[in-house]
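This briefing introduces selected features of the structure shown below. The points are grouped by topic and may be read alongside the sequence.

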Amino acid sequence: MTVAVFLEHHEGELQKGSLGVLGKAASLGDDVAGIVLGSGVKELAAQAGRFGAPKVFVADAPELEAPLPQPRVDAIAQLVGEKSIETVLFAASVLASDVAAGLAARLDAGLNWDLVDLVEQDGQLVGKRPALEDTVYVDVGWTTEPRLALFRPGTFDPSESGGEAEVEELSPTFEDFSTQATMIEQAHEESEGPSIEDADVIVAGGRGLGGPENFSLVEELAKALGGAVAATRAVVDAGWYPYATQVGQTGKTVSPKLYVACGISGAIQHKVGMQGSGTVIAINKDPNAPIFEFSDLGVVGDLHEIVPKLTELVQQRKSG
Amino acid sequence: MKIAVCVKEVPDAGVNKRIDPNTKRLDRSGEGALNHFDTQAVEEALKIKEAGGEGEVVLVSMGPAGALDSLRKALAMGADRAVLITDEAAAGSDLVATSRALAAALEREEADLVIFGQQGNDSDGAVLWAAVADRLRRPVISQVAELTVADGKLRGKRQTEFGYDVIEAPLPAVVAVSDAINEPRYPSLKGIMGAKSKPQESLSASDLGLDAGALGEQGSGTTVLALGDPPPRGDARKIEDDGNAAGQIVDFLAEKKLL
Amino acid sequence: MTAKPVDYPPPFSPVEFVTPPTDPPEERIEVGILIVGAGPAGLACAIRLGQLVEESPELAERLGDVPVAVLEKGKQPGSHILSGAVVNPRGLRRLFEGRKRIQDLPFYGEVEAEGVYFLRHNSSMRIPTPPTMKNHGNYIASLSQLIRWLGEQAEEAGATILPETAAEKLLVDHGRVLGVRTGDKGRGRNGEQLANFEPGSDILARVTVLCEGTQGHLTGVAIDEFGLEGESPQVWALGVKEVWKVEKPLRRVVHTMGWPLRAGAKYREFGGSFIYPMGDDMLTIGMVVGLDYRDAELSVHDLLQELKTNPFVRKMLEGGERVGWGAKTIPEGGFVALPKRLHAPGLLLCGDGAGMVNVPALKGIHYAVESGRLAAEAAVDALRPGRTPSTPGALAAYDEAVRGSFIWSDLQEVRNMRQAFGRGFYFGGALAGAMTATKGKFPPGDMSTERDAEQEIVRMGRSRKYPAPDGKLIFDKLSSVYLSGNRTRDDAPNHLRVQARVPEEIAVMWERMCPAQVYEAADGMVEITPSNCVQCGAITAKGGRLTPPEGGSGPEYTLT
């Protein structure tokens with residue numbers, strides 16, 4: 001089973017998400033290869049070796065310099081054809097999703113996305129994914145080859161096993177239409193911090209905070225954890241925090257790896273906005289708050305005491 | 001300027017969504033509504049048409065015959081025409097089959113610009129634009145939060161995990177707008193009343209020159225094998241603060257490798 | 001400490017909602033007959049008009065390009081509709097005579113059997129069915145679903161239904177009703193215009209038919225504007241209901257009285273519950289309580305939750321799952337609270353908005369349907385060549401028709417029933433029995449009604465008994481609001497008029513009364529979350545005023 005993994009890179013670094021998928025692919029079998037596409041990216045291939053790829057296909061071309069999807073579809077389609085690759089895996093991102101979907105159309109190959117796992121069952125590859133706001137799990141399969149799969153961001157952690165990768169260079173040719181989109185300006189940082197939809201860590205505040213001034217506790221903890229700040233509808237209604245940070249049925253839907261809920265009761269209107277979170281920690285002084293029914297760690301106590309102490313301990317851990 | 005907007009009817013979010021255990025597909029038998037993100041795509045198309053002073057905005061969709069009702073809302077907003085691909089053979093189409101059908105309909109339209117909304121809330125429509133663009137052999141820009149069309153070119157501000165890019169492409173092109181792009185207009189009463197009489201066309205697979213086998217489950221590359229409950233949330237723990245809660249939380253985070 | 005809601009009137013004045021047309025003439029929308037509300041009355045009116053237009057091409061010409069328009073503030077017909085319901089088919093039979101049979105309508109079947117029970121906390125006792133509550137020959141329905149179907153019929157009959165459109169103001173000029181002005185869309189929390197602001201429009205019509213249902217906004221405005229108040233003020237009950245998927249089919253229509261309501265006269269707790277089968281695998285259970293209750297802590301939603309703990313009720317729900325919830329008021333003033341006239345120049349009043357409800361029988365749908373049908377006929381009659389509906393008295397034929405119909409005779413017969421129960425359950429029961437036996441001749445005359453808001457409110461500790469939510473049998477208000485399909489945007493302007501500073505009893509009373517947790521009592525002030533509102537109308541009965549929010553907001557009922 002030949003599995004190729006699209007390895008996305010940014011500013012000279014292979015992305016964690018892609019490396020995680022690479023590790024997963026390696027665990028499924030030996031015939032694994034990474035795909036690195038760009039301009040001036042040969043050294044990145046060596047990185048791939050350390051994270052589980054015995055082989056890496058590299059295409060280095062000016063057309064691949066900008067992180068645009070369509071030239072990558074050309075390159076990977078040709079690779080699949082030349083090397084009879086049976087499965088191509090992607091860690092979801094704006095770029096990777098467009099590449100995977102373009103490839104699906106190019107090769108008339110089935111694409112399953114939002115996967116959180118991939119296993120072998122009865123000799124077949126089966127993907128597992130949540131659906132309907134994570135209330136149902138679905139087993140999905142493929143009826144065509146190559147099998148294409150997009151994994152939910154952050155599903156697998158990379159594991160550095162050391163190792164060398166054999167590098168094979170490709171020389172793809174590009175379709176006319178693939179190079180029509182051009183990058184004018186690239187990767188400007190947004191002026192505000194990570195938007196809550198992209199954040200890996202979110203610290204959210206609710207009415208239990210007691211007043212708008214106490215959002216500083218939430219902000220400090222978020223900063224220490226490297227995350228974003230969110231708010232419930234109740235406190236946004238009361239004017240304690242801006243609407244852009246509201247999580248919930250009538251606000252944003254988020255699915256960070258870690259969600260820390262401070263003084264939030266957990267009404268369903270809020271729950272549906274964050275129930276896809278990886279790990280939920282709730283701090284609330286009411287032992288009967290509904291949020292404790294869907295948190296991984298529930299802490300009954302006074303957040304005004306716990307949160308500052310927690311911030312301090314996190315800062316110590318990170319610096320020490 | 002002709003702008004095609006790909007829109008979709010999805011189960012109304014006001015109703016409990018469920019997967020039909022027999023077909024293993026989303027139960028679409030209940031109330032449907034226009035996908036909210038698609039109304040943003042329609043809004044952007046109308047803005048571009050209005051800025052240019054002339055043009056046509058045509059809706060292209062695939063779904064059961066009753067989906068025409070939901071398309072009417074977009075017509076009420078100001079779109080000129082609706083085209084619905086509807087064929088029993090198309091039920092259960094995945095990305096491969098759906099993009100095939102939409103591309104066939106879009107080729108008929110020969111639009112200068114094809115616009116998609118961000119995603120379907122029924123988890124079926126994500127990343128459709130890249131697949132359609134490939135079949136149409138046109139450039140595609142996605143996650144566009146700001147869009148300008150001028151001198152036969154489009155320029156989009158694309159939002160990514162790293163910040164934003166500015167990308168340009170010549171028309172004809174395909175663009176997918178992000179949910180930050182605009183706030184869709186409310187249809188005016190005159191718009192609602194006039195929607196019924198705007199042209200609405202239904203196309204079958206053969207109208208598109210496609211075999212029934214090119215659509216539906218037969219034309220798809222993926223399949224749903226089984227449904228189940230999500231894995232339990234692991235051992236949920238609940239502790240009472242005796243002064244050490246903060247430390248216990250940190251230990252928990254370390255244990256979960258979140259620190 | 002006691003307080004009366006009526007002493008804290010809301011900042012509301014009907015004249016705010018009466019205006020001549022303000023849009024420039026070329027922007028006004030003109031229709032033939034304008035119906036406000038796509039409920040049973042409004043859709044019956046539209047369907048009957050369609051029948052009349054089909055029979056007469058000259059009528060079609062006279063009504064113009066849009067002969068019949070129906071405004072509906074919900075997302076679609078049925079979204080704001082809630083009832084039990086056991087429907088008397090009389091009105092629908094007349095409406096569809098020669099065209100459809102009752103079997104063609106989406107009912108859950110005829111009533112097979114029924115029972116009335118007197119409940120105590122842990123027991124139930126069957127009592128003989130009062131004659132006014134016999135349901136033989138009636139049909140069980142989800143009114144919301146029936147309305148969806150009626151909406152399709154109305155469209156097929158040629159009506160233009162305009163959903164997500166609130167009728168905000170009555171267009172009146174020189175004492176004549178010219179139509180309505182629809183509400184603005186796209187305003188922010190403080191009334192400011194947002195980026196997608198869309199102003200309302202003037203819709204002009206030859207005849208305007210108000211079918212707004214309970215607490216009809218423009219109906220209330222019109223009654224005030226044209227001096228149409230009946231001899232007695234209107235009073236309401238609040239109904240909160242759930243729909244459940246169940247394992248064991250319920251094979252009869254059940255009504256209960258007694259617990260959890262308290263019988264003493266000082267409580268003024270009048271009402272009971274209903275449990276109706278919906279096919280083999282669903283049922284609906286609801287609690288209905290008169291809003292003249294006096295305990296500040298009374299919460300109909302929580303009484304419904306409490307009701308479910310009774311073993312007789314609990315058994316019916318065993319192994320089941322809640323799939324729907326909703327709340328709505330019901331006018332209960334009956335005959336003496338009907339407006340003294342149901343028409344004004346260019347205007348007709350129908351259905352629950354006008355208070356056409358038979359309280360002891362818990363029926364109003366067939367009156368709504370019949371009144372809508374009669375309104376259609378009167379409107380068409382007033383449009384005959386040489387006549388105009390806007391001269392005073394032109395629409396008087398509608399009043400005559402209603403007075404000659406079963407609506408009038410039924411309501412007159414049971415006219416004092418509700419008022420009798422103001423004296424407490426047992427005395428009221430005796431009086432009610434006497435009324436039924438004498439077909440309304442005893443007691444003679446008309447008993448007076450006090451306004452709900454005139455009742456003194458006292459904290460009597462009712463909330464101690466409310467069961468705690470467990471997410472399986474007992475549910476809190478917020479998860480119920482979610483289940484109603486309510487997704488109103490948070491930054492919508494506040495459509496609820498109440499005084500901000502009120503005594504604690506009133507604030508607590510509003511907090512408990514509201515099934516959607518809109519009001520919260522806090523430090524002598526009332527905090528409002530208008531986006532929770534399911535537009536039941538209870539606040540208007542108890543000292544505030546519900547005005548129509550932005551069209552399309554509120555619940556999206558499908559099974560109620």
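C:R189 is partly exposed, because its relative accessibility of 29% falls between the limits of 20% for buried and 50% for exposed. The model is a predicted one. The points below begin with the salt bridge of C:R189 and A:D237, then turn to other charged pairs and to a sheet.

**A salt bridge between chains**

- The side chains of C:R189 and A:D237 form a salt bridge, with an N to O distance of 3.1 Å.
- C:R189 belongs to the loop between β12 (185-187) and β13 (193-198) of chain C, whereas A:D237 belongs to helix α6 (residues 233-237) of chain A, and therefore the pair joins two chains.
- A:D237 also counts as partly exposed, at 23% relative accessibility.
- Side chains of opposite charge can pair when their charged atoms come close.

**Salt bridges within chain C**

- A salt bridge links C:D280 and C:R251, whose closest N and O atoms are 3.1 Å apart.
- C:D280 is found in the loop between β17 (271-278) and β18 (282-290) of chain C, and C:R251 in the loop between β15 (236-245) and β16 (253-258) of chain C, so the pair ties together parts that are 29 residues apart in sequence.
- C:R251 is partly exposed, with a relative accessibility of 46%.
- C:D381 and C:R384 meet through their side chains in a salt bridge of 2.9 Å, N to O.
- Relative accessibility is 28% for C:D381, which counts as partly exposed, and 41% for C:R384, which also counts as partly exposed.
- One network, joined by salt bridges that share partners, comprises C:R48, C:R94, C:E370, C:R373 and C:E377.
- Over all chains, the count of salt bridges comes to 60.

**A sheet with strands from chains A and B**

- An open sheet of 4 strands follows the order β8(A)-β9(A)-β10(A)-β14(B), and its pairing is antiparallel.
- The edges are occupied by β8 (117-121) of chain A and β14 (222-228) of chain B; each has a single partner strand, so one side of each is left without a neighbour in the sheet.
- On average, neighbouring strands of this sheet are turned by 35° against each other, with direction ignored.
- Strand β9 (residues 124-131) of chain A runs antiparallel to strand β10 (residues 136-142) of chain A, and 5 bridges join the two.
- A:R129 has A:V138 in β10(A) as its bridge partner.
- Strands of a sheet pair through backbone hydrogen bonds, either parallel or antiparallel.

Note on methods. Residues numbered from 1 in each chain as written. Chains lettered and ligands numbered in written order. Predicted model: local features only at pLDDT ≥ 70, side-chain atom pairs only at ≥ 80, totals over all residues. Heavy atoms only, no water. Salt bridge = Lys/Arg side-chain N within 4 Å of Asp/Glu carboxyl O. Buried < 20%, exposed > 50% of the residue type's maximum accessible area, 1.4 Å probe, protein only. Pairing = 2+ DSSP bridges. Axes fitted to C-alpha atoms, helices over the stretch in contact; angles between N-to-C directions.
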